[in-house]
Amino acid sequence: MRLLKILLVLVILALAGLVGYAYFGDMEPQRSEVRVPVQLDVDAAPAAAGGAAAAPEEAAADDDADAGG
């Protein structure tokens, strides 16, 4: 029974220490700017679009034909 009381007191002290550290500890995140290049594939059609994907491809084909002559 005595060991159980000691264990309970240690658990309570550990929880109190954790709460104290959360309130008074240095818990601010370290902020830094991150720049990552992203390659966008604008010519790829989404799978759920269905027939709507044909319009940009046709427009691109028309532009290529106009530019060629």
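Is Met-1 buried or exposed, and what is its relative accessible area? Met-1 is exposed in this predicted model, and its relative accessible area is 75%. The legends below take the chain as a whole and then two close-up views.

**View 1. The whole chain, with its two helices and zero strands.** Of the 69 residues in the chain, 1% are buried. The surface that the chain exposes amounts to about 7,000 Å², and 62% of that area is supplied by carbon and sulfur atoms.

**View 2. A nonpolar patch on the surface that includes Met-1.** Met-1 lies in the segment before helix 1, which spans residues 2-24, and this residue is joined in the patch by Leu-4, Leu-7, Val-11, Leu-15 and Leu-18. Taken together, the six side-chain-bearing residues named here, Met-1 among them, have about 670 Å² of accessible area. Met-1 counts as exposed because its relative accessible area of 75% is over the 50% cut-off.

**View 3. The salt bridge between Glu-33 and Arg-35.** Side chains of opposite charge can pair when their charged atoms come close. Here the side chains of Glu-33 and Arg-35 meet at a distance of 2.6 Å, taken from N to O, and a search of the whole structure finds one salt bridge. Glu-33 has a relative accessibility of 61% and therefore counts as exposed, while Arg-35, with a relative accessible area of 72%, is exposed as well.

Terms used: Residues numbered from 1 in each chain as written. Predicted model: local features only at pLDDT ≥ 70, side-chain atom pairs only at ≥ 80, totals over all residues. Heavy atoms only, no water. Patch = residues over 30% accessible without salt bridge, like charges linked within 9 Å, V, L, I, M, F, W, Y side chains within 5 Å. Areas by Shrake-Rupley, 256 points an atom, 1.4 Å probe, with all protein chains shown as cover. Salt bridge = Lys/Arg side-chain N within 4 Å of Asp/Glu carboxyl O. Helix = DSSP H or I, 4+ residues; strand = E, 2+ residues; numbered from the N terminus. Buried < 20%, exposed > 50% of the residue type's maximum accessible area, 1.4 Å probe, protein only.
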